[in-house]
Amino acid sequence: DYVAFGPVGDTDLGDGTQAPRDLFDWWSKVIEVPVVAEGALSLEIVTDMAPITDFFAVGDEIWSTDDPVKALGDLIAAMG
């Protein structure tokens with residue numbers, strides 16, 4: 001089981017409303033079910049949210065680049 005919130009960055013998904021960082025912070029402190037951040041991830045967002053997010057759902061962040069392996073490696077490095 002897990003819960004996912006998103007998007008966490010600027011995107012045209014849905015109505016553009018972003019899941020706030022404090023939601024992830026609260027969830028990680030209070031609830032045992034893992035929390036997943038998804039939607040419009042960036043290196044800065046991943047770095048910021050790594051301490052309060054159990055997993056990141058990665059998609060276009062790597063597949064829309066010329067080098068998906070490098071893009072994924074960069075995101076993993078940003079996780080700390």
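Select K70 to begin: this residue is partly exposed, with a relative accessible area of 47% (buried means under 20%, exposed over 50%, partly exposed in between, with a 1.4 Å probe and protein chains only). You are looking at a predicted model, where local features need pLDDT of at least 70, side-chain atom pairs count only at pLDDT 80 or more, and totals for chains, interfaces and linings use all residues. Residues are numbered from 1 along each chain as its sequence is written, and side-chain values use heavy atoms, leaving out hydrogens and water.

Now add D74. K70 forms a salt bridge with D74, their closest N and O atoms being 2.7 Å apart (a side-chain nitrogen of Lys or Arg within 4 Å of a carboxyl oxygen of Asp or Glu). The two sit 4 residues apart in helix 4, so about one helical turn separates them. D74 is partly exposed too, at 30%. Helices (H or I, at least four residues) and strands (E, at least two) are DSSP runs, numbered from the N terminus.

The structure holds 3 salt bridges, so there are other stops to make. Go to helix 1 and pick D25 and K29, whose side chains meet at 3.2 Å, N to O. D25 is partly exposed at 23% relative accessibility, whereas K29 is exposed at 64%.

Next, show D48 and R21, which form a salt bridge at 2.8 Å, N to O. This pair links distant parts of the chain: D48 belongs to helix 2 and R21 to helix 1, 27 residues apart.

Time to go inside. Select F5, V8, F24, A37, L41, M49 and F56: of the 19 residues in the largest nonpolar core, these touch the most other members. Such a core is a set of buried Ala, Val, Leu, Ile, Met, Phe, Trp, Tyr and Cys residues joined through side-chain atoms within 4.5 Å. Strand 1 (3-5), helix 1, strand 2, helix 2 (43-49) and helix 4 (68-78) each give two or more residues to this core. Centre on V8 and look for its contacts (heavy atoms within 4.5 Å), which include F24, A37, L41, I45 and M49.

Back on the surface, colour Y2, W26, V30, I31 and V33, which make a nonpolar patch of about 480 Å². V33 lies in the loop between helix 1 (21-30) and strand 2 (35-38).

Finally, zoom out and trace the elements from the N terminus: β-α-β-α-β-α-α. The C-alpha trace spans about 40 × 30 × 25 Å along its principal axes, and 31% of the 80 residues count as buried.

Notes. Patches are made of residues with over 30% relative accessible area and no salt bridge: like charges are joined within 9 Å, nonpolar side chains (Val, Leu, Ile, Met, Phe, Trp, Tyr) within 5 Å. Accessible areas come from the Shrake-Rupley method with a 1.4 Å probe; for residues, only the protein chains shown count as cover. Lists of a residue's contacts leave out its neighbours within four places in sequence.
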